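Open the model in your viewer and keep the sequence beside it. This tour tells you what to select next and what you will find there.

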2 protein chains.
Amino acid sequence: MSNSKLYKGSLTTIILKLLNESDKMYGYEITQKVKELTKGELKITEGALYPALHKLEAQGLLDVEVKKVDNRLRKYYKITESGEKETSNKLNELANYIATMQALVNPKFSLE
Amino acid sequence: MSNSKLYKGSLTTIILKLLNESDKMYGYEITQKVKELTKGELKITEGALYPALHKLEAQGLLDVEVKKVDNRLRKYYKITESGEKETSNKLNELANYIATMQALVNPKFSLE
DNA sequence: AAATATACATAATTTTCTTATGCATAATAA
DNA sequence: TTATTATGCATAAGAAAATTATGTATATTT
């Protein structure tokens, strides 16, 4: 993730959320989708993305399937059942974090 | 910062924002204020806080003044002029980050 | 023919945290 | 009265999660 420098820790949430919504995606596709959805605000770097995908796979949150398309390899990732649960956890954490930061930074929002 | 695990990079923004609002604060006071404002959601650890304060001071964003109160030392931090500018930058970045994440994670929010 | 896009991967480094430890005084609880 | 908790600062070791720099390879566009 570049062009934001901020708030490391959200990449996993982004990956899980995108894969939770689509049947399957491959790495490069994820980088393009994020660029599109954020109007270029967020650019996921490969150095961050691929290790993150490998870790999620190792944790059993994603399954992988390799396919050859146009003579090039693609590794399609698909969310598992426990990945779906973790997605929900991560999204809750994110919502909670945003609420917390707004309470801190914007006096108008107070918690509870 | 503990009890949240989330989103490294926000501590500096929090410190600057709090100091931008009050005349001066000391480290321990900041930890208590954050705990109070977030209803215990966010607990800033000393291991994160003090190095962060030292760095902000070294960058010229904060000034420091040592006082002895009740026979104990307190290091009061006060925001500088360039600290005020940086606060505004950081708050914009935060607002931008939140908008970006909502666009990614919540289909209802789209950028622009 | 050269540059850009597609597609994956890893290593070195940096940033920013957590955890652990250390020192010291004041206030409260057992 | 003694032990614990609170107040107050600090740093070192380690972990986590990025950035930056490479590397390989094919396809497409300029």
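Start with the sheet of chain A. This is a predicted model, and in chain A it has an open sheet of 3 strands. Their order is E1-E3-E2, and the pairing is antiparallel. Which strands of chain A are the edge strands? They are E1 and E2, and each pairs on one side only.

**Stop 1: E1 and E3 of chain A**

Select residues 25–26 of chain A, which are strand E1. Add residues 72–79, which are strand E3. The two run antiparallel, and 2 bridges join them. Now pick Met25(A). Which residue of E3(A) stands opposite Met25(A)? Look for Tyr77(A).

**Stop 2: E2 and E3 of chain A**

Keep E3(A) and select residues 62–69, strand E2 of chain A. This antiparallel pair is held over 8 bridges. Walk along it by its partners. Leu62(A) has Ile79(A) of E3(A) as its bridge partner. Further on, Glu65(A) stands opposite Tyr76(A). As you step along, keep one general point in mind: in a regular strand the side chains alternate between the two faces of the sheet.

Next, go to the turn. E2(A) and E3(A) form a hairpin, with 2 residues between the strands. Click on Asp70(A) there: its phi is positive, about 55°.

**Stop 3: the sheet of chain B**

Move to chain B. Its open sheet also lists 3 strands, in the order E1-E3-E2, with antiparallel pairing. Select E1 (25–26) and E2 (62–69) of chain B, which stand at the edges. Each has a single partner strand, so one side of each is left without a neighbour in the sheet.

Now show E2(B) with E3 (residues 72–79) of chain B. They pair in the antiparallel sense over 8 bridges. Try Asp63(B): in E3(B), its bridge partner is Lys78(B).

**Stop 4: where the chains meet**

Show both chains together. How many residues of chain A are in contact with chain B? There are 29, and they touch 28 residues of chain B. Chain A and chain B bury about 3000 Å² between them. Carbon and sulfur atoms account for 72% of that area.

Then turn to polar atoms across the interface. There are 7 residue pairs in polar contact between chain A and chain B, counting pairs with both residues at pLDDT 80 or more. The salt-bridge rule finds 0 across this interface.

Select three helices of chain A: H1 (11–21), H2 (27–37) and H4 (81–105). Each supplies at least two residues of the side that touches chain B. Which element gives the largest share of that side? It is H4(A), with 12 residues. Color the whole touching side of chain A by residue type. You should get 15 nonpolar, 8 polar and 6 charged residues.

**Stop 5: the axis**

Finish by superposing chain A on chain B. A rotation of 180° does it, with 0.0 Å of shift along the axis and an RMSD of 0.1 Å. The two copies are thus related as by a two-fold rotation axis. To find where chain A comes nearest the axis, select Tyr7(A): its C-alpha is 1.9 Å away, the nearest of chain A. The same surface serves both copies, as 97% of the contact residues of chain A recur in chain B.

Technical notes. Residues numbered from 1 in each chain as written. Chains lettered and ligands numbered in written order. Predicted model: local features only at pLDDT ≥ 70, side-chain atom pairs only at ≥ 80, totals over all residues. Heavy atoms only, no water. Contact = heavy atoms within 4.5 Å. Buried area = accessible area lost by both parts, 1.4 Å probe. Salt bridge = Lys/Arg side-chain N within 4 Å of Asp/Glu carboxyl O. Polar contact = N/O pair within 3.5 Å; in protein donor to acceptor, adjacent residues only side chain to side chain. Helix = DSSP H or I, 4+ residues; strand = E, 2+ residues; numbered from the N terminus. Nonpolar A, V, L, I, M, F, W, Y, C, P; charged D, E, K, R; others polar. Least-squares fit on C-alpha atoms with pLDDT ≥ 70 in both. Pairing = 2+ DSSP bridges.
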